Number of protein chains: 4
Amino acid sequence: MVMSEKLGYPLIALNFKVYLESIGENALRLAKIAEDVAREYGVSIMVAPPLLDLEKVVKEVDIPVFAQHVDPYSPGGHTGAIVVEDIKAVGAVGSIVNHSERRLLLADIGKILKRLRENGLLSLLCADTVETTRAGAALAPDILAVEPPELIGTGIPVSKAKPEIVVGAVEAVKKINPEVHVLCGAGISTGEDVAKAIELGTEGVLLSSAYVKAKDPRKVLKDMAEGALRSWEKKD
Amino acid sequence: MVMSEKLGYPLIALNFKVYLESIGENALRLAKIAEDVAREYGVSIMVAPPLLDLEKVVKEVDIPVFAQHVDPYSPGGHTGAIVVEDIKAVGAVGSIVNHSERRLLLADIGKILKRLRENGLLSLLCADTVETTRAGAALAPDILAVEPPELIGTGIPVSKAKPEIVVGAVEAVKKINPEVHVLCGAGISTGEDVAKAIELGTEGVLLSSAYVKAKDPRKVLKDMAEGALRSWEKKD
Amino acid sequence: MVMSEKLGYPLIALNFKVYLESIGENALRLAKIAEDVAREYGVSIMVAPPLLDLEKVVKEVDIPVFAQHVDPYSPGGHTGAIVVEDIKAVGAVGSIVNHSERRLLLADIGKILKRLRENGLLSLLCADTVETTRAGAALAPDILAVEPPELIGTGIPVSKAKPEIVVGAVEAVKKINPEVHVLCGAGISTGEDVAKAIELGTEGVLLSSAYVKAKDPRKVLKDMAEGALRSWEKKD
Amino acid sequence: MVMSEKLGYPLIALNFKVYLESIGENALRLAKIAEDVAREYGVSIMVAPPLLDLEKVVKEVDIPVFAQHVDPYSPGGHTGAIVVEDIKAVGAVGSIVNHSERRLLLADIGKILKRLRENGLLSLLCADTVETTRAGAALAPDILAVEPPELIGTGIPVSKAKPEIVVGAVEAVKKINPEVHVLCGAGISTGEDVAKAIELGTEGVLLSSAYVKAKDPRKVLKDMAEGALRSWEKKD
């Protein structure tokens, strides 16, 4: 297991989205808790703060930081765009791509993964079904998270509600491109959900509201770190 | 080789787009020429007229007719949408999906291919690179056309300018899903271009302006039909 | 009051959307009922069938037929697009623009209204608030329908639930561009709703599901025609 | 005339876009030059750095800083979005809205302007024609910049090439909403272009590449500041 700025597995990936609880100084607060828990448990935790708060978080914590989104463009006349080169310039190590709340064109996903790779950054590609997971794996992202959008934010964990999607995704990826790391997301709220996700063959989870909107985010994340480690050890 | 409403191979797929030369009654004119040539040469020709002219063409010709685009929605409250069920209702046999002039979200491509399949219609999926062709193949369309967008409408045939993309696409598809039929497009203008495309391993071509905007579309299409047959016979 | 292919006021505008009840031959069925009721009551009724069924409806009924959507492009290489020139070629007299289910860029709305005008076709622009109604009026569409999207399909009529939006829209339009005809939509289900809409200062209504999905669409439409006439006469 | 964090007129608005010359530390370099020139000439200069570099610039310079883009959403589950509340949290004073490289839906522009206003932030709305300028003015932004997209980045100043658009925009805005400040953009490269823009009735300019990609941005900006002051004084 690796910590600090290098990603390792099992991986708990925290997408902060843009909740009142995660923008501005709150991004820093949530990132520091994640850093503490990562250190305490020796488990790999990645954070994706709001884009406007990305650099601030990178400067203050020593765990891997991702952008939540990146555009397919090269640097140039693209007002309001997020370019790979700027993500690198501010010190983040990768980007989420094609989150269900920011779906992308297939052609653009191809361009983005290529541009991230060429710039030495990591990609975490999201997909919604076994079919699109298979398509996604063919594009060779570093990490692929399968998230049925209908479960996002519900508290009903995909690992329990639709284990067949998780297992199907893991198998599909293995067949197409075994180097891609598979996570699952949507409804992941507890250490048990994380453990179950790993039992089903993933190498971790992607989650948001269960951490960001928790009354006690530290407690929630500790529980998840424990679940991850418990399940990961059984695996070996 | 099959003619009439069933698709066969080698296939010449004619995307009419929405040129002045292809809208309204011109859609019918161009479709009838295609029907004549298909009959004369015994080669499979498919036409994709403008959406507003789709039903009229279906009613008047006896070759396979595709829609140029379809949306991912089920029938319902979707003003201005094109739904699979209506494509079927007006008698077309399939749809182009994700043309470079109408790029789609990966998640929507997944939904559209599934909806076409469930309704017994064919899909002709477009992709722009070897990577997205590979991703596309993983989604199991009936036909996959690789078209580098920078060559579309140029008259510089992809089969000559970028044969490595065509060969790469054919190989990628064979590996991922050998049941998918591969076409190539972009810059295809002559019978020789068609012949070359088939030599490179495709089962036909997708083209538009070279036919639609030709002074003598019949002559152009006859030349292509001859090129297709010549090259196809060598193959066997 | 005008009937037949020319639009008149009060106007009942029927957006068929793409329901199972409105695609294919159903588009024709619903359009013919609308024609009957328009004739019987001498009230102006416009229909907007699914795009794939547009020409068929135009050919069979003698009331004004609109497209549900049109793209900003000139005829050309735009696969899957709906161009103004083709709407005209198949015989429709105008298009809905910017429906809440098919929102458009402000810049594209500008282009579309200009293109419709230059081609002698009518525009029915949709807006969602008093502010965007005011902006819409500045673009000089022929007709402007204000529809709060949160009420669409609910059966809760905007004319009762949010009369201030209807009144505000009518006033805003009068101030900016008094030649624009104002309709209101969202939740319009009965003759009483239509009457109320006209009392609030509009010249008619835009509706969909209350007609399309009615058990007895003829009865619903007759009730609306009566409501329109009753309220319109009081106005004079 | 006002300087420092409050906007004043004449205004030189600098959109950094995401050029190699404007991302990362370059955003800071360009912003500091702008601050120097604003101070030296007592002219109001606003900068809009890349979104990822926004907070860094806000922290280091004492001139008004805008975001290049903002989404219509309230804080919440919107991965990759830019929300008004976070623009405020990092200390920027407003946002460009609907730049020609980031066109927005009319309905979203309405929401964004409302959200900026409610949060005490300024809006700089872009429009491309006299018609959309008129529509834009009806939405009551603080500033409205008319920029014919075909001239952006060409070095052919709109103030010379299409003075009728600038004059038409100024008149249209005065008629609809005289409180809106009008800028013009596209092709603005020299002090003379700025002077001409103000002579035509605007209160300043919006520009990008002429500054960002200049060999000597300081010299370019000084020339513009002089042009602005020269023309502004004549006006009084």
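1. A polar contact here is a pair of N or O atoms within 3.5 Å; within protein, one must be able to donate a hydrogen and the other to accept it. The model is predicted. On that basis, the rule finds 18 residue pairs in polar contact across the interface of chain C and chain B, both residues at pLDDT 80 or more.

2. Salt bridges across this interface come next. The rule finds 2 between chain C and chain B. One of them pairs B:Lys56 with C:Glu55. Their closest N and O atoms are 3.1 Å apart. That distance falls within the 4 Å cut-off, so the pair counts as a salt bridge.

3. On the chain C side, two helices deserve a look. Helix 2 (54-60) and helix 3 (84-89) of chain C each supply at least two residues of the side that touches chain B. Helix 3 of chain C gives the most, with 4 residues. By residue class, the side of chain C that touches chain B divides into 15 nonpolar, 10 polar and 8 charged.

4. Now the extent of the interface. The contact takes 33 residues from chain C and 33 residues from chain B. About 2,900 Å² is buried between the two chains. Carbon and sulfur atoms give 58% of that area. Three residues stand out: C:Val18, C:Leu52 and C:Thr79 supply 29% of the area that chain C buries against chain B. No other three residues supply more.

5. Aromatic pairs. A search of the whole structure finds 4 over all chains. In one of them, the ring centres of B:Phe16 and B:Tyr211 lie 6.4 Å apart, with the planes at 35°. Why is the pair tilted? Planes under 30 degrees apart would count as stacked and those over 60 as edge-to-face; 35° is neither, so the pair is tilted.

6. The same pair links distant parts of chain B. B:Phe16 sits in the loop between strand 1 (11-15) and helix 1 (25-41) of chain B. B:Tyr211 belongs to helix 9 (residues 209-212) of chain B. The two are 195 residues apart. Are they buried or exposed? Both B:Phe16 and B:Tyr211 are buried.

7. Last, helix 8 (residues 191-199) of chain D. The buried residues of this helix are D:Gly191, D:Asp193, D:Val194, D:Ala195, D:Ala197 and D:Ile198. These buried residues pack against two helices of chain D, helix 6 (158-161) and helix 10 (217-235). They also pack against strand 7 (181-185) and strand 8 (204-207) of chain D. Just after helix 8 of chain D, D:Gly201 takes a positive phi of about 110°.

Technical notes. Residues are numbered from 1 along each chain as its sequence is written. Chains are lettered from A and ligands numbered from 1 in the order in which they are written. This is a predicted model: local features need pLDDT of at least 70, side-chain atom pairs count only at pLDDT 80 or more; totals for chains, interfaces and linings use all residues. Side-chain values use heavy atoms; hydrogens and water are left out. Contact means heavy atoms within 4.5 Å. Buried area is the accessible area (1.4 Å probe) that two parts lose on being put together, summed over both. A salt bridge is a side-chain nitrogen of Lys or Arg within 4 Å of a carboxyl oxygen of Asp or Glu. A polar contact is a pair of N or O atoms within 3.5 Å; within protein, one must be able to donate a hydrogen and the other to accept it, and residues adjacent in sequence count only if both atoms are side-chain atoms. Ala, Val, Leu, Ile, Met, Phe, Trp, Tyr, Cys and Pro count as nonpolar, Asp, Glu, Lys and Arg as charged, and the others, Gly among them, as polar. Rings of Phe, Tyr and Trp (its six-membered ring) pair if their centres lie within 6.5 Å; planes under 30 degrees apart count as stacked, over 60 as edge-to-face and the rest as tilted. Buried means under 20% relative accessible area, exposed over 50%, partly exposed in between (1.4 Å probe, protein chains only).
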